[in-house]
Amino acid sequence: MTKKRKHQEDFQKVKFKVGKKKPRLENATDTTFKTKAIQIPEQLKEDGVLPTQNRKLNIKDLLSQMHHYSPGVKHNALLGLKDLLSQYPFVIDAHLSNIISEVAAVFTDKDSGVRGAAVHLLQFLASKIKAEQIAPFFPLVSAHLSSAMTHISEGIQEDSLKVLDVLLEAYPALLTDRSIIFLKNFVELISHQQLSKRLKSREKLSWMLSVNPNRRVTSQQWRLNVLTRLKKFLQAVVDGSNEVEDEGLQEQKDSPHSVRNPICISWKVHANNQQHIQLFEYGGLRPKINSSFRLRSLASVMDSAGKGLSSAENLKGFIEIIVPLLIECWIEASLAQSAPILGNLLESESQQLMQQVLNIIHLLWKLTKQHDETYKMEVWLRMNYLVDFKHHFMRHFPYSLHETVKNKKRDSCRGNKNCMTSSNSVDHLLLNLTLCDIMVSLASTSTLQMDSDWLDMIRKFVTDTLQDGSKLSSKQVNRLLGVTWRLMQIQQNKVATEPLIKAVYTLYQQRNLLFPVRTLLLKFFSRVYQKEDLRTQRIRSRSKVLSRWLAGLPQQLALLGLRNPELSNQLIDIIHSAASRSNKELLQSLQDTAARIYDPLEGALVLLPAEAQRRLVQLVYFLPRLPAALLARLSRCCIMGRVSSELATTLIGILHMRSSFAGWKCQVQDNSVSDVDYFSFLFSTLIGFSREELTSLQGIRGKPHISQTQLSPVRLYLTDLDQFLHHWAVTEMICHSLSTIPSQSQCFDILQTGICKYLVGLVVIPDSTAGSVLCAINKLLDQACILSENLHKFLASCCYSLLYFLLTLDKEDAEHVQKRDMLWGSCISALALLPRLLRLMLQSLQVSRICREELPVVAQLLRLLMQHGQLRSHMITNEFLVQQIIKDIMTLKSGEVQEQWLTDLHYCFNIYLASHPPGPGPVNAVY
């Protein structure tokens, strides 16, 4: 048994002895090796160039998900893009091409959620991307948009209108560059082509409105949505055209009165032959060149498709397609309007649809007026569409909005997500005015008899609306005035135009009108006045209403003042235009209101900005009379500093031109300003202070406002630097005006009398007034002039007070240091021209009466006078007086140490006077 068991064992157990190691097996694994971790830091680190959003996806990952088959992935990718780009806006510039191409590609996605997310992302991008940045990629965007607008799916078509809204808001110019393509798309959204029944061939295709029962909105709602976008698109085309004209008050191209650019001329520079004025025969903003030849524009090189609606051929073609469709929409809406069941949504939509129809036609009419052959285009429009317009549009004119729509039922569109109509109420007045504007553009003077029936309806409606007295918006007034202007052009006799002007004036007289409304009314009346003024005197018939309006403008300006500067500027421009045309009614009203306009405290002249002040100063030239009271107010305006010194000098120059001393060969105006009043104006402005102000200055004592010396009875009131410089600039102009008066001796006598009457005897005199008086004396003095003794003494006192002030002036006083050159020059010139004046001033230097602190000042003054070349001969004549003054100074300083200023005085006396040098030299005093 034991032998058999041993024989069957194939694997016998090996017995190991104690203490021996187990032998190594042949297939044993060696576990003695060492391992290290593999480090890949670039995989663990976020990409620094491409930032990620909260899901750790960068721009490339999100853009790649845009091609995924799952709508949910694409929707999340669009949301992730918006999140990423809002956090890192700089990514837009780096990947703009890829972003635009991928977002535009989903305009035609089958899933509505994806399309909605794409619209929201596009709206976000439009606020971040400028037009010049997206311009290279806009052809791709417009191609995808065009594909969406013409897509077979109704949902994609509806969402394409939302994309169109975003692009029209952000990039209207880029979108309208491809107007032909999009206009055809608009047509296809509401209609389809069919073969004309009259022709068996397919040469002529007509369009008819389409009805799609599969849409989530009614056919009328859909047409309203499309026409609303078409109106916005055409508005962008009109705004982007080369000649943008005012919607209501359009300038006619054949008008002989065109807007001119003003030429800025400085008459002072021009009078000195330093400015050359070159006039061109055909200048201005819109030059009118009477030539049979016309230069071809660069746009004419392009084909008609590339020019869009700027081509007359393309515009006519689009009008032929869209206007019949619009008339069908109008007929459909009119039938709904006249239905027996009122108060439902249909009525509101019908009126909105009618408004959009008229708006589109109105914009198309505006585009026709921007072509060169406007008259031919108007004839073509009248021939093709006047009959239909009269039959369909004017049959129920005027239209009104039923109030039952607002009261009976709520708008069911409020809870409908698919309804895209505007929530604004229908403006029935604007609807009627738009219709009037379209119709009157088809009428002309030659067709007045044929169109009298419906023109009378429009004229009555316009007149009643203007006289109604209700508050009108600026858009309504703009359209209303445009129709009124057109009616006045069609029938230009006074019987037809006077009631219209009277109705507009009734609206103008309303209180609390909005500023844009008031501006439009002013522009209208100004244009009517200019048009009337262009007529010849033989056929001119002044409108009484227009004359009354003109006469009221100065009173309105005086009442308005600074409450509305923009409106005041417009009033001033109109008043200036009428005054330059010598309108008697306006000039008389301006004369009566001038005292309030030019009031130095509360008048428009001192309250309005600088440009308006300049125009008001120019109006002084046109005033029929300049009485003494008005000249006194103008003098106060000049010297108070409420107007600039340049403007004050301009006013003085205008008054000089109105005076009898301007040198006119013929007398232009009789008794416009008397010589006495003119001299009173010049003297009051020269003094720079009123009698009341001079009286109040007499009570001021001590520094820092008063500079006084014991040797002169005149004390100086130190004016501010700004006031001094303003007064000095006015003084120079006054002196120039006085110097141009032929009889200088009589002019000097008048000036001498005024100084002796109003200034001599005053204790305190402003430093600017003293300097101005000396400046005028220097300008007018000649050999024939004889000065009184009182004037001599007064001028001598003024000279010493000014010289003392300048010599004691602290160099650190920057405000008064700038007065030094002007005052010093006036004093030295007066002393050089009047030897007796210098002698009186030297006689007044009685050093025994002054304190010791003033002695160095007197010594410095004598030294400077001796050094001055113009005064040296006069100082030699008065050598005895100078020597006596020096002796008196030495007597007071005897027994003391001789100071440097006394040594300098002795030195100058010995050099310049004691040696009697031959003739005056060129030495000037430097202090």
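## Worked exercises on a predicted model

Asn-512 counts as exposed because its relative accessibility is 71%, and exposed means over 50%. The model used throughout is predicted.

**Exercise 1. Find where Asn-512 sits and state what marks its backbone.**

Solution.
- Step 1: place the residue. Asn-512 lies in the loop between helix H23 (494–508) and helix H24 (515–533).
- Step 2: read the torsion. Phi of Asn-512 is near 60°, a positive value in a residue other than glycine.
- Step 3: set this against the usual case. Most residues other than glycine have a negative phi.
- Step 4: look for a second case. Ser-582 also has a positive phi, near 60°. Ser-582 is in the loop between helix H26 (565–580) and helix H27 (584–597).

**Exercise 2. Is the peptide bond from Phe-397 to Pro-398 cis or trans, and where is Pro-398?**

Solution.
- Step 1: check omega. The value for Phe-397 to Pro-398 is near -5°, and the bond is cis.
- Step 2: recall the background. Most peptide bonds are trans.
- Step 3: locate the proline. Pro-398 falls in the loop between helix H18 (374–392) and helix H19 (404–407).

**Exercise 3. Describe the largest nonpolar core, then list the contacts of Ile-458.**

Solution.
- Step 1: take the size. The largest nonpolar core has 280 residues.
- Step 2: find its best-connected members. Leu-364, Phe-389, Ile-458 and Tyr-598 touch the most other members.
- Step 3: find the main contributor. Helix H37 (residues 789–807) gives the most to this core, with 13 residues.
- Step 4: zoom in on Ile-458. Setting aside neighbours within four places in sequence, Ile-458 contacts Met-394, Phe-397, Cys-436, Met-439, Val-440, Val-483 and Leu-487. Phe-397 is also one partner in the cis peptide bond.
- Step 5: add the general rule. In soluble globular proteins, nonpolar side chains tend to be buried together.

**Exercise 4. Which parts of the chain do the salt bridges Arg-382 to Asp-451, Asp-599 to Arg-633 and Lys-819 to Asp-767 link?**

Solution.
- Step 1: count. The whole structure holds 14 salt bridges.
- Step 2: take Arg-382 and Asp-451. Their side chains meet at 2.8 Å, N to O. Arg-382 is in helix H18, and Asp-451 is in the loop between helix H20 (428–440) and helix H21 (452–467), 69 residues apart. Both residues are buried.
- Step 3: take Asp-599 and Arg-633. The N to O distance is 2.6 Å. Asp-599 is in the loop between H27 and helix H28 (604–607), and Arg-633 is in helix H30 (residues 628–639), 34 residues apart. Arg-633 counts as partly exposed because its relative accessible area is 28%, which falls between the cut-offs of 20% and 50%.
- Step 4: take Lys-819 and Asp-767. The closest N and O atoms are 2.8 Å apart. Lys-819 is in the loop between helix H38 (814–817) and helix H39 (820–833), and Asp-767 is in helix H36 (residues 767–780), 52 residues apart. Both Lys-819 and Asp-767 are buried.
- Step 5: note a network. Salt bridges link Arg-115, Asp-159 and Lys-162.

**Exercise 5. Where does pLDDT fall below 50, and how many contacts do those stretches have?**

Solution.
- Step 1: start from the average. The protein averages a pLDDT of 80, and 81% of the residues score at least 70.
- Step 2: take residues 338–346. Their pLDDT stays under 50, and the model has 12 contacts for them beyond four places in sequence.
- Step 3: take residues 403–425. The pLDDT is below 50 here too, with 28 contacts beyond near neighbours in sequence.

Methods
Residues are numbered from 1 along each chain as its sequence is written. Side-chain values use heavy atoms; hydrogens and water are left out. Helices (H or I, at least four residues) and strands (E, at least two) are DSSP runs, numbered from the N terminus. Buried means under 20% relative accessible area, exposed over 50%, partly exposed in between (1.4 Å probe, protein chains only). pLDDT is the predictor's confidence in each residue, from 0 to 100. Contact means heavy atoms within 4.5 Å. A nonpolar core is a set of buried Ala, Val, Leu, Ile, Met, Phe, Trp, Tyr and Cys residues joined through side-chain atoms within 4.5 Å. A salt bridge is a side-chain nitrogen of Lys or Arg within 4 Å of a carboxyl oxygen of Asp or Glu.
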